[in-house]
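Let's take a friendly walk through this protein together. Keep the sequence and the 3D view open as you read, and look up each residue when its name appears.

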Amino acid sequence: MDEAIRFSETVSARLEDGVLVVTLNNPPVNAISADMRAGLLDAVRQANSDQNVRALVITGAGKAFIGGADIREFGQPATEPTLPTVVEAIEGSGKQIVAAINGAALGGGLEIALACHHRVAGSAATLGLPEVKLGIVPGAGGTQRLPRLTGVVKAVELISSGRTVTARDALSLGIVDEVADDPVKGAISAARDQSAKLPRRTGALAVPAEDPKAIEDGAAKALSRARGSEAAIEAVRLVRSAGERSLADGLSDERATFLRLRDSDQAKALRHVFFAERAAAKVSGLEGVEPRKVEIVGVVGSGLMGSGIAVAALDAGYRVIVVEQTDEAAAKGLDRITGLLDRALKSGRIDEAGRSGRLERLSVGSSMEALAAADLVIEAVFDDLQVKSELFEKLGRIVRPETVLATNTSYLDPDAIAAVTSFPERVCGLHFFSPANVMRLVEVVRCARTAPDVLATGLAFARRLKKLPVVCGVCEGFIGNRIFSAYRREAEFLVEDGASPQEIDAAMENYGFAMGPFAVFDLAGLEIAWARRKRQAATRDPSERYVEIADRLCEMGRFGQKTGRGWYTYPDGKRTVDPEVTALIDACRAAKGIVPRQIAAAEIASRLLSAMAAEGNALLKEGIAERASDIDLVLINGYGFPAYRGGPMYVSQQGTHS
Ligand code: 3H9
């Protein structure tokens, strides 16, 4: 065998002192294409019959080891050799095969690594089986081999959540055998050391014995989180069965399940979401634009939103300066932030050193002048134009000439806020969702005068926070709240037409929302929408349909869950239908001469989804959203729209409402 060999377009190898180092090179993430499968199988087969080769190492070129199966091929029939064939050849090889996991080993990438006889991970590697996020189960042995290394309990949790782990965690879970600074070097040396030994085949290991109760509890927890995701439910079943039957039986069930789910509506919708997230990162007008450098983040306001933003920025490693109006408010803000960090510590998300490191990078005070040091200042004060405008005017006199200012307003016009400064080009919107340290969505608002590098700074900042930024233009409510208003309007029409709030909630929960609309209205509070309706009253077209029930509820002091009463009542915190509301609804219908009719769940869902899509189309026409898939991402990540349905725009394009 030559020293430099090419097995296919994407697979090449070099022989290093008897060890064949096979490198997979399919930029940008070494996704497993048909060409890669063919090349890798060829490499293994040839090495097995080549006496100059004592052992093999498999590694990836560039940053990733293998980012998984090529998702773009999922719409087409699988071609030979399939991944299970390649994986079987690797595991069955008579010569030692060592995985040098230099970066992300995800999905089929981890399945290849699991089939290798020894695994060396680089310290920055990430490992996981994220298939359920794509509506499928692992299709090349993941559900059967992972539990043989980690036990069923851990494998159920990892595969049903699709969570990735660090190299260190993978080592303690038994997924990898070593962590090394130079994984290729480490793998070559392991391959040499072990070349005379019999390969340790993961598939031949027994699934470790565990307490049946722990397995039962773990599965129950995973299933309760699965919420309508068929893939997660199937993943739990397959992993549990690993200890109860032969590898061959487990693999054949896994493969059949994978193929069935791959062609399911849920998987198609989730593939749409996957590519939508990548598309959202491509913002027109920002090609080649560099973001400004941000190291110090200022946050004005330390209420629920401000403290959440501060914690998210601390989590991302920034120095954070929080400013409040008074010393007393600052002390309360510090308490709130410390409380959030304590909760993260208690849940194990951060350790003691992580907590103290964050507090060292934080300062909370009442002097606005402290913000002179900040590269980016985010205001998160009371949503009132006067308050925000005065603040921006003041900030304009304090911050440095290159500092970016961002407003976290939900409903106000950020152009009006920017206009009070002498530098509106340095202002953008960063609309976080509550709780800001948890919710993934950030609407990055491109104001009329926002400079491209300022918008790019907002995006880069949100990305470093590990959030999903979606760019939108200026309109009342931006993308999400505009669509949510349309959703609210249609939900109220449905009530007037004859459906009860609880029927509507049940229909949407059945569709896949975590909560129905009326439960959400009560949770969020009814007063903000009421105030908006009152603001709009003078300019409202009198011929437009208007439902007064929510106004009457607010007049009765029923502002939602926090007042114990809204669309529902909450004795002991439990959501309960209130006859007083039922009577009010009846009276409002009667006053308009509406004879209520039974509305089926399918019609409820269809009308609400159509209302969302219609508003989405209006946003596209107005240029507020750049693409339909951005709107889907906003609804999925900010409003509980079930990801496996693909979002309201996707649903309307598919013409499937139920
Ligand atoms: C699977 O493996 C099934 C098996 O069990 C069974 C098989 C039988 N395919 O995210 P980025 C593209 S299911 C095709 O911005 P990063 C992506 O679209 C798979 N394309 O990079 C983008 O393209 P573009 C399980 C893929 O550095 C570009 O690569 N695996 C794939 O921030 C850059 O992506 C997964 O679910 C793919 N698998 O993050 C992992 N992956 O430039 C999915 C990426 O044209 N991938 N692309 O927009 C990821 O999580 C991240 O991409 C990764 C890199 C962490 C790898």
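## The lining of the largest cavity

Sorted by class, the residues that line the largest cavity are 8 nonpolar, 1 polar and 1 charged. Keep in mind that you are looking at a predicted model, and that the cavity described here comes from that model's atoms.

Which residues make up this lining? They are Leu110, Leu127, Gly128, Leu129, Leu146, Leu158, Ile159, Arg163, Val165 and Ile175. With Gly counted as polar, you can match names to classes: Gly128 is in the list, and so is Arg163, with Arg being one of the residue types that count as charged. Strand E8 (126-128) gives at least two residues to the lining, and so does helix H5 (152-161).

How many cavities of 30 Å³ or more does the structure hold? There is 1, and the volume of the largest cavity is about 60 Å³.

## Around the ligand

Now turn to the ligand, which has 26 residues around it. The closest of them are Ala69, Gly108, Glu111, Glu131 and Lys282. By class, this shell divides into 15 nonpolar, 5 polar and 6 charged residues.

Three helices each bring at least two residues to the shell: helix H3 (108-115), helix H10 (247-262) and helix H11 (265-280). Which element gives the largest share? That is H11, with 3 residues.

## Contacts with ligand oxygen

You can also zoom in on individual atoms. In the side chain of lysine 282, an N or O atom lies 2.5 Å from an oxygen atom of the ligand. For alanine 69, the partner is a polar backbone atom, 2.8 Å from a ligand oxygen. Arginine 278 uses its side chain, where an N or O atom is 2.9 Å from an oxygen atom of the ligand. How much of the ligand does the protein bury? Taken alone, the ligand exposes 1,100 Å², and the protein buries 73% of that.

## Domains

Zoom back out to see how the chain is divided. The domain assignment lists domain 1 (4-262), domain 2 (296-472) and domain 3 (480-623). Between the C-alpha centres of domain 1 and domain 3 there are 48 Å.

## Backbone details in the loops

Finally, follow the backbone through a few loops. Proline 27 and proline 28 are joined by a cis peptide bond, with omega about 0°. Proline 28 sits in the loop that runs between strand E3 (19-24) and helix H1 (34-48). Another cis peptide bond leads from glutamate 80 to proline 81, and its omega is near -10°. You will find proline 81 in the loop between strand E4 (55-60) and helix H2 (83-92).

What is the sign of phi at aspartate 17? Its phi is positive, about 50°, although aspartate 17 is not a glycine. Aspartate 17 belongs to the loop between strand E2 (11-16) and E3.

Definitions and conventions:
Residues numbered from 1 in each chain as written. Predicted model: local features only at pLDDT ≥ 70, side-chain atom pairs only at ≥ 80, totals over all residues. Heavy atoms only, no water. 1 Å grid on protein atoms, 1.4 Å probe; cavity = no way out; pocket = protein on both sides within 12 Å on 5 of 7 lines; lining within 4 Å. Points joined across faces, edges and corners; volume = space filled by probe spheres on them. Helix = DSSP H or I, 4+ residues; strand = E, 2+ residues; numbered from the N terminus. Near = heavy atom within 4 Å. Polar contact = N/O pair within 3.5 Å; in protein donor to acceptor, adjacent residues only side chain to side chain. Areas by Shrake-Rupley, 256 points an atom, 1.4 Å probe, with all protein chains shown as cover. Domains from an automatic or database assignment.
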